[in-house]
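Student: I have a model open and want to go through its strands and helices. Can we take them in turn?

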Amino acid sequence: MQAKKHTLTVEKGELLLETTLLAGKIMIENGADMARVDDTLKRIAQNSEITTPEIFETTTGIMMSIPGHNAQVKAIARRQIDLERIAMVNEISRAYQAKQVDLTQMHEYLKNLDKSAPDFKLIWLILGAGTVGATLEIMYGGSWSDLLPTFLISALGYYVFYAINTRFKVKFASEFLAALVIGLCALFAVKFRLGQDYGMIIIGSVMPLVPGVPLTNAVRDLLAGHILSGSARVVEALLTAVALGMGIACVLRFWKLGGL
């Protein structure tokens, strides 16, 4: 059975390719799993008369072709976690499916979304990291006397990670240096009797930097058959975990060697 031939003009076909790839780029950059990305992109294409779109997604790029038009590639240069942006792409794709917006309006919406920065302010990110770290320190069996030190150290560690990652864009070095700061601050906090258990302070403080979402997405990608993307995400998450572990291990090793 032959697929139904579409009636898209060259201009509309190019716009469809660009819009679909832009939607996928935003979703992958912000931490969506590949099954969700694949479903959204195919929904956009199928509601534009393309019944059998050819789409290939990885964590570093997307390729798409439709009959009668040139294939296009969109590179993925960065990766972060922003579930709000993923939800916004899903909403506009469903509005397109319901004929509430046309292809041109969706393309403009996605371009503005890609350029905008609807992230939380830095102060809220730091306070959030501190709250997560302090809460988990208690949940893991830490003492209430270590709550405040863990909150402050977790917030400081996240700020170091954010500053290095934003200004120098050196992946894994930001996690390593943040872990160094967290380890040093935890040891000094116990040394000067501001805290009791440096181990629990460290465990709580590094938790906001642990790649939980990438690991979860990696498992989902592997189970959904996206072997390449799942494997890449597993390696990225493991390298992040190794960077955090190396930072803490270096501090503890040199602290003992120095006899402090």
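Student: Which residue in β3 does Met64 stand opposite?
Tutor: Keep in mind that this model is predicted. Strand β2 covers residues 61–65 and strand β3 covers residues 72–75. The two pair in the antiparallel sense over four bridges. Across from Met64, in β3, stands Gln72.

Student: Which residue in the turn between β2 and β3 has a positive phi?
Tutor: β2 and β3 form a hairpin, with six residues between them. One residue in that turn has a phi of about 85°. That residue is Gly68.

Student: What is the bridge partner of Ile55 in β2?
Tutor: Strand β1 spans residues 54–58 and runs antiparallel to β2, with five bridges joining them. A hairpin of two residues links β1 to β2. In β2, Ile55 is partnered by Met64.

Student: Are α1 and α2 roughly parallel or roughly antiparallel?
Tutor: Helix α1 holds residues 10–29 and helix α2 holds residues 34–46. Their axes lie 10 Å apart, at an angle of about 160°. Angles over 145 degrees count as roughly antiparallel. So α1 and α2 are roughly antiparallel.

Student: How many nonpolar residues does the contact of α1 with α2 have?
Tutor: The crossing of α1 past α2 is right-handed. From α1, the contact includes Leu16, Ala23 and Met27. From α2, it includes Val37, Leu41 and Ile44. By class, the contact of α1 with α2 has one charged residue, three polar and, as asked, nonpolar residues numbering nine.

Technical notes: Residues numbered from 1 in each chain as written. Predicted model: local features only at pLDDT ≥ 70, side-chain atom pairs only at ≥ 80, totals over all residues. Heavy atoms only, no water. Pairing = 2+ DSSP bridges. Axes fitted to C-alpha atoms, helices over the stretch in contact; angles between N-to-C directions. Parallel < 35°, antiparallel > 145°, perpendicular 65-115°, else oblique. Left-handed = near helix turned anticlockwise from the far one by under 90°. Contact = heavy atoms within 4.5 Å. Nonpolar A, V, L, I, M, F, W, Y, C, P; charged D, E, K, R; others polar.
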